[in-house]
Amino acid sequence: MLLAEYAITPDVFDATSYVNEDLCAARLELIREVMLNEGVIRDLRNGSWSNLFRSDHRSWHRRAKELAKKLASQNRLRPFVPQLAVKPSVDSEWCDEALVTHGIEPLTGIIVTDTISDGYIGNPLVSRVDRLNSAPWWSGRKPSMRLNRTFTDYLNALSLVLRHANSIMFIDPHIDPTQPKYNDFIELIKRAGNRNPLPLIEIHRVCYRGSGQHRKILDLQQLEASFRNELTQPLQRVGLTAEIFVWDDFHDRYVLSNLVGIALLNSLDTTIMQNSTTTWTRLGHKDRDDVQREFDPASNQHKLKKKFAI
């Protein structure tokens with residue numbers, strides 16, 4: 001997955017779980033960039049997990065508290081309803097809580113320290129922070145993935161983004177909701193609705209159809225009408241609004257969110273052709289921010305022809 005969901009037990013953030021504070025800092029540095037660029041953290045018991053780091057009842061490492069704040073500011077903490085009958089009071093119980101939630105909705109992995117790891121030997125989901133490279137779910141991380149051009153594969157790849165991101169930009173020069181091949185795209189957008197808070201949705205396309213000598217400049221009033229006819233009711237049903245940006249020209253395709261940026265080799269349309277595959281690649285955060293700026297009307301990298309909201 002280009003965006004993964006992890007659980008972390010509190011001992012990982014506690015300096016006394018390690019031989020010294022420097023070792024704690026090194027372990028935190030190991031997971032920091034992954035969490036802030038390609039991860040979401042399951043905030044167990046509806047935020048009780050993250051609330052731990054706002055208190056001083058344990059020896060939280062300075063960098064641990066900074067990381068917890070950063071995860072919160074980037075909206076990377078995903079609250080999950082309590083599962084155990086009693087709120088965990090020790091680290092192993094937090095691991096148990098995470099394991100129960102995994103049975104309801106799968107996690108990528110659970111990160112612990114050697115303080116409690118002996119109780120979970122043989123469970124492939126649980127890994128010590130100092131032995132993450134031996135966990136397949138950690139060592140198998142990759143910056144790209146191959147997908148079938150189907151709604152199922154697109155939904156699986158974007159599930160966390162659609163359910164948790166607070167802003168999502170769909171950038172595809174040929175998005176056309178009147179075309180049957182984009183029916184699944186409409187369904188994807190709907191999966192971002194019916195939640196609180198609702199995300200900001202942007203759709204970016206060009207002002208023409210076709211290419212080369214077959215390029216045809218579109219009537220922008222008619223283009224807006226077609227978007228409204230096709231998207232108004234689906235968006236209303238799930239409580240969403242979307243801003244549509246029509247540009248003079250661009251080629252590349254992306255899905256950008258506050259959680260992850262993804263570059264697409266093909267458009268967001270789907271096909272019934274068998275063995276039709278595509279590749280999606282996760283962007284580094286600097287490249288993601290750069291692409292986001294590219295599609296800001298103030299950047300002047302492209303000429304904005306029309307903008308409207310549905």
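**View 1. What packs over helix H2 in this predicted model.** The cover over the buried residues of H2 includes strand S1 (4–8), strand S2 (39–43), strand S3 (77–79) and helix H4 (91–104). H2 itself runs over residues 44–51 and is mostly covered, with six of its eight residues buried. Those buried residues are Leu44, Arg45, Gly47, Ser48, Trp49 and Ser50.

**View 2. The largest nonpolar core and its best-connected members.** This core holds 58 residues, and the ones touching the most other members are Ile168, Phe170, Phe227, Leu268 and Trp280. Helix H7 (residues 151–164) chips in the most, giving eight residues to this core. There's also a second, separate core of 41 residues, with Ala98, Ile111, Ala135 and Trp137 among them. As a rule, nonpolar side chains in soluble globular proteins tend to be buried together.

**View 3. Zooming in on Ile168.** Leave out residues up to four places away in sequence, and Ile168 touches Val161, Leu162, Ala192, Leu200, Ile201, Glu202, Val255, Leu256 and Ser257. Ile168 is also one of the residues that touch the most other members of the largest nonpolar core.

**View 4. Cysteines without a bridge.** Search the whole structure and you'll find zero disulfides. Take Cys24: the nearest cysteine sulfur belongs to Cys95 and sits 18 Å away, and Cys24 is in no disulfide. Is Cys24 buried or exposed? Cys24 is buried, because its relative accessible area is 0%. Cys207 counts as buried too, at 5% relative accessibility.

Key: Residues numbered from 1 in each chain as written. Predicted model: local features only at pLDDT ≥ 70, side-chain atom pairs only at ≥ 80, totals over all residues. Heavy atoms only, no water. Core = buried A, V, L, I, M, F, W, Y, C linked by side-chain atoms within 4.5 Å. Buried < 20%, exposed > 50% of the residue type's maximum accessible area, 1.4 Å probe, protein only. Helix = DSSP H or I, 4+ residues; strand = E, 2+ residues; numbered from the N terminus. Contact = heavy atoms within 4.5 Å. Disulfide = S-S within 2.5 Å.
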